[in-house]
Structure formats: C-alpha cells, structure tokens
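Reader: I would be grateful for a close look at a single part of this structure, followed outward into its surroundings. Please set out what can be said of that part in one connected account.

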Amino acid sequence: MAHVEEITAWDFSTGKLPYYDQLYKTALRMTRSVPETEDLLQETYLKAFRYYSGFEEGTNLKAWLFRIMKNNFINAYRKRKVQPQHVELDELRDSGEGSLEVAPGFAEGGSEAGGPAEEMDEDLARAINALPHDYKMALLLVDIQGHTYQEVAEILAVPVGTVMSRLFRGRTKIEKALISYGKRYNYLSRPPRKVRDTTIDVESMFHGTTG
C-alpha cells in the first residue's frame, strides 16, 4: 500500500476540506444521522477556519480537527440534556428501529460473549446516563458505537491508556446493571465467571428472589 502523506496545513486555495472523509465517517458513527453529521462537520470546519491562526502549521492538523469536532459534539450533547431520558436514550441507541448493538465486552465480565440487544431498557439507560461524563463518552464511543481505542483517543484527544482506564471504570460502575440486563433478556443464563466490582453478589442475582 502506498504511503499517504500527512496533511500538516490547510490549503485554502483549493477549496478542499482536509481529512473530510475521516471526519465524516467518525461523525456519522457519533451522531447516527446524516443531517446531524453534516451539521457537525459544517460547524467543525467553520470553527477551524475561524481559529486557524492559532494552529501551528506542521503539527497534527488531523488531531486538531478531530478535537474541534469532538468539542462541538459534546457541547451539542450537553445542550440536549434538557430532556435527558428521551434524548440520552436516543444518543445511545442505534438508528432505524430504536435497537442497540452492544459491542463485545458487555457480557460475561468483558469477554467476547457480548451480543446484539433487542432494546435498551430504562434501568440500563439510567445507569449509563448517571456515569461521569468522561466515562459515559468512552462507553458511548467504544461499546455502543464500536470505535477502536485509537479512534476514541483521537476523538477525545487523550492517550489510548486514558480511554482504556475510563472504559474500565465506566464498565465497573454499571456492571450490576449490565449483569441484570443480561439476565432479564437471557443473554446470561448463569453468573459471570468474573466481575470487576467484587461487591456485587452475582449468585443472589441469579439464584435469589430478585432479578
């Protein structure tokens, strides 16, 4: 495969938007909506154009653009939280039928046993919505929307290790809700072999009187 030279400066004379394809792909996976993706990209490039004088040419233009897009996305997300139960559920659901595709790692204590869920119920949605923002973003981008750690690191402008740490902590905080969800919808027929949160009594969850 031929080496693609990194773009380190924005050539305004051509009218070409740098890294448009890469940003579009990521924006679409974040918003799950073509109109919202187009709006997000328009806002991103307008802001980048406005503040380009503050960008140091020769440095990482791609990361700079991704950081602007991420900030725009987060700001819009926060504004929509005036209707948290309705809007945040939509943020965490796949498009089309309101279903949720859960990436591997949600079931069996983080193994590859995760599968598609028919729907996200209120208990699980409430647990995710209650997470600190950084943890929720990591879960949203990795477990819900299927980004790689490296992609999320670029989107959030943090090291890959930070993404992994936030994801681990976020999964730990909602582990009980995830296990209960898996049991309710028959994704887990027996207690997980391993749990992150050792305070969870998984045996009673599966063999007790409560679900």
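Author: In the predicted model, the buried residues of helix α9 are Glu175, Ala177, Leu178, Ile179, Ser180, Tyr181 and Gly182. Seven of the ten residues of α9 are thus buried, so the helix is largely enclosed by the rest of the structure. The partners against which these buried residues pack are α5, α8 and α10, the last of which spans residues 202-207. Just beyond the end of α9, asparagine 186 adopts a positive phi of about 65°. Most residues other than glycine have a negative phi.

The α5 side of these surroundings can be followed through one residue. Alanine 127 belongs to helix α5, which covers residues 122-129. When neighbours within four places in sequence are set aside, alanine 127 is in contact with Ile174 and Ala177. Ala177 is itself one of the buried residues of α9. Alanine 127 also lies 9.9 Å from glycine 170, C-alpha to C-alpha, although 43 residues separate the two in sequence.

Glycine 170 leads to the next partner, α8, where Gly170 is buried together with Val163, Arg166, Leu167, Arg171 and Thr172. Helix α8 comprises the 14 residues from 160 to 173, and its span from first to last C-alpha is 20 Å, close to the 20 Å expected at 1.5 Å a residue. The cover over the buried residues of α8 includes α9 (175-184), and also α6 (133-144) and α7 (149-156).

The packing of α7 on α8 can be described in detail. The axes of the two helices are 8 Å apart and meet at an angle of about 100°. Since angles of 65 to 115 degrees count as roughly perpendicular, α7 and α8 are therefore roughly perpendicular to each other. On the α7 side, the contact is made by Tyr149, Gln150, Val152, Ala153 and Leu156, and on the α8 side by Val160, Val163, Met164, Arg166, Leu167 and Arg171. Sorted by class, this contact has eight nonpolar residues, one polar residue and two charged residues. Among the α8 residues in the contact, Val163, Arg166, Leu167 and Arg171 are also buried. An α-helix has 3.6 residues a turn, so residues three or four places apart point the same way.

The chain as a whole gives the setting for this part. Its 211 residues include 43% that count as buried, and its secondary structure consists of ten helices and zero strands. Of the contacts with a separation of 6 or more, 61% are between residues 24 or more positions apart.

Other links across the sequence appear among the aromatic residues, where a search of the whole structure finds ten pairs. One of them joins tryptophan 10 and tyrosine 45 in an edge-to-face arrangement, with 5.8 Å between centres and 70° between the planes. Tryptophan 10 is in the segment before α1 (20-31), while tyrosine 45 is in helix α2 (residues 34-50), so that this pair links distant parts of the chain, 35 residues apart. Both tryptophan 10 and tyrosine 45 are buried. Phenylalanine 12 and tyrosine 52 form another edge-to-face pair, at 5.1 Å centre to centre and 90° between the planes. Phenylalanine 12 is in the segment before α1 and tyrosine 52 in the loop between α2 and α3 (61-79), so this pair ties together parts that are 40 residues apart in sequence. The two rings belong to residues of unlike exposure: phenylalanine 12 is partly exposed, with a relative accessible area of 38%, whereas tyrosine 52 counts as buried, at 9% relative accessibility.

Beyond its neighbours within four places in sequence, tyrosine 52 is in contact with Ala9, Trp10, Phe12, Glu57, Leu61 and Trp64. Its C-alpha lies 9.7 Å from that of alanine 9, a residue 43 positions away in sequence. Ring pairs also place Tyr52 in a cluster with Trp10, Phe12, Tyr20, Tyr24, Tyr45, Phe49, Phe55 and Trp64.

A last point returns to backbone geometry. Like asparagine 186 after α9, tyrosine 19 has a positive phi, here of about 60°, although it is not a glycine. Tyrosine 19 lies in the segment before α1 and is buried, with a relative accessible area of 7%.

Technical notes
Residues are numbered from 1 along each chain as its sequence is written. This is a predicted model: local features need pLDDT of at least 70, side-chain atom pairs count only at pLDDT 80 or more; totals for chains, interfaces and linings use all residues. Side-chain values use heavy atoms; hydrogens and water are left out. Helices (H or I, at least four residues) and strands (E, at least two) are DSSP runs, numbered from the N terminus. The expected span of a helix is 1.5 Å times one less than its number of residues. Buried means under 20% relative accessible area, exposed over 50%, partly exposed in between (1.4 Å probe, protein chains only). Contact means heavy atoms within 4.5 Å. Axes are lines fitted to C-alpha atoms, for helices over the stretch in contact, and angles run from 0 to 180 degrees between N-to-C directions. Angles under 35 degrees count as roughly parallel, over 145 as roughly antiparallel, 65 to 115 as roughly perpendicular and the rest as oblique. Ala, Val, Leu, Ile, Met, Phe, Trp, Tyr, Cys and Pro count as nonpolar, Asp, Glu, Lys and Arg as charged, and the others, Gly among them, as polar. Rings of Phe, Tyr and Trp (its six-membered ring) pair if their centres lie within 6.5 Å; planes under 30 degrees apart count as stacked, over 60 as edge-to-face and the rest as tilted.
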